Amino acid sequence: RLAPVLQAAVHRFSEQLVLTGLKVYSVAYSSANCKYPVIKLTELFTLDRSTVKDLCSRLNIVTDAEHVRFQKGDLKNFTDSSTEHAAVVRVNDLTRDDVMAQF
């Protein structure tokens, strides 16, 4: 989990970083026999499972209970608007005191 001040700093770019990461994984792990564990994506992106699965579904990436099946062909119809307002790093719960405590 990121410190509150870092959450606030990366909030603007976090969605694009995660989406770019998922696109890269879609090409790198594109195989009919390859399954990537959802838990590893949650650790990599420091997100909860439901957020990762939601982002994958918005990108038309197939997921099951425990794995993601990346296929580069799934991203053909991808548009940035398909992931509009995907809250990746949540800073809504931060208070001024949380941020100032970091200094």
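**Exercise 1. Find out how many bridges join strand 2 to strand 3, and which way the two strands run.**

Let's start with the pairing itself. Strand 3 covers residues 67-69, and two bridges tie strand 2 to it. The two strands run antiparallel. For a concrete example, pick threonine 63: its bridge partner in strand 3 is valine 68. Keep in mind as you look around that this is a predicted model.

**Exercise 2. Work out the strand order of the sheet, and say which strands stand at the edges.**

Now step back to the whole sheet. It's an open sheet of three strands, in the order 1-3-2, and the pairing is antiparallel. Strand 1 (36-37) and strand 2 each have a single partner strand, so they stand at the edges, and one side of each has no neighbour in the sheet.

**Exercise 3. Locate the kink in helix 1, then list residues of this helix that are buried.**

First, the kink: helix 1 bends by about 65°, and the bend is centred on histidine 11. Next, the burial. The buried residues of helix 1 include Pro4, Gln7 and Ser14. Further along the list you'll meet Val18, Leu19, Gly21, Leu22, Tyr25 and Ser26.

**Exercise 4. Describe the largest nonpolar core and say which helix gives the most to it.**

Begin with a bit of background: in soluble globular proteins, nonpolar side chains tend to be buried together. Here, the largest nonpolar core has 16 residues. Leu22, Leu41, Ile61, Val68 and Phe70 have the most contacts inside it. Then ask where the core comes from: helix 1 (4-28), helix 2 (38-45) and helix 3 (49-58) supply at least two residues each. Helix 1 gives the most, with four residues.

**Exercise 5. Count the aromatic pairs and name the residues that ring pairs link into a cluster.**

The count comes to five aromatic pairs in the structure. For the cluster, look for Tyr25, Tyr29, Tyr36 and Phe70, which are linked by ring pairs.

**Exercise 6. For threonine 46 and asparagine 60, give phi, place each in its loop, and decide: buried, partly exposed or exposed?**

Most residues other than glycine have a negative phi. Threonine 46 isn't a glycine, yet its phi is positive, about 50°. You'll find threonine 46 in the loop between helix 2 and helix 3. Asparagine 60 also has a positive phi, near 65°, and sits in the loop between helix 3 and strand 2 (62-63).

Last step, the exposure. Partly exposed covers the range between under 20% (buried) and over 50% (exposed). Threonine 46 has 45% relative accessibility, so it counts as partly exposed. Asparagine 60, at 45%, therefore counts as partly exposed too.

Conventions
Residues numbered from 1 in each chain as written. Predicted model: local features only at pLDDT ≥ 70, side-chain atom pairs only at ≥ 80, totals over all residues. Heavy atoms only, no water. Core = buried A, V, L, I, M, F, W, Y, C linked by side-chain atoms within 4.5 Å. Buried < 20%, exposed > 50% of the residue type's maximum accessible area, 1.4 Å probe, protein only. Pairing = 2+ DSSP bridges. Phe/Tyr/Trp six-rings, centres within 6.5 Å; stacked < 30°, edge-to-face > 60°. Bend = angle between axes of the 7 residues up to and from the residue.
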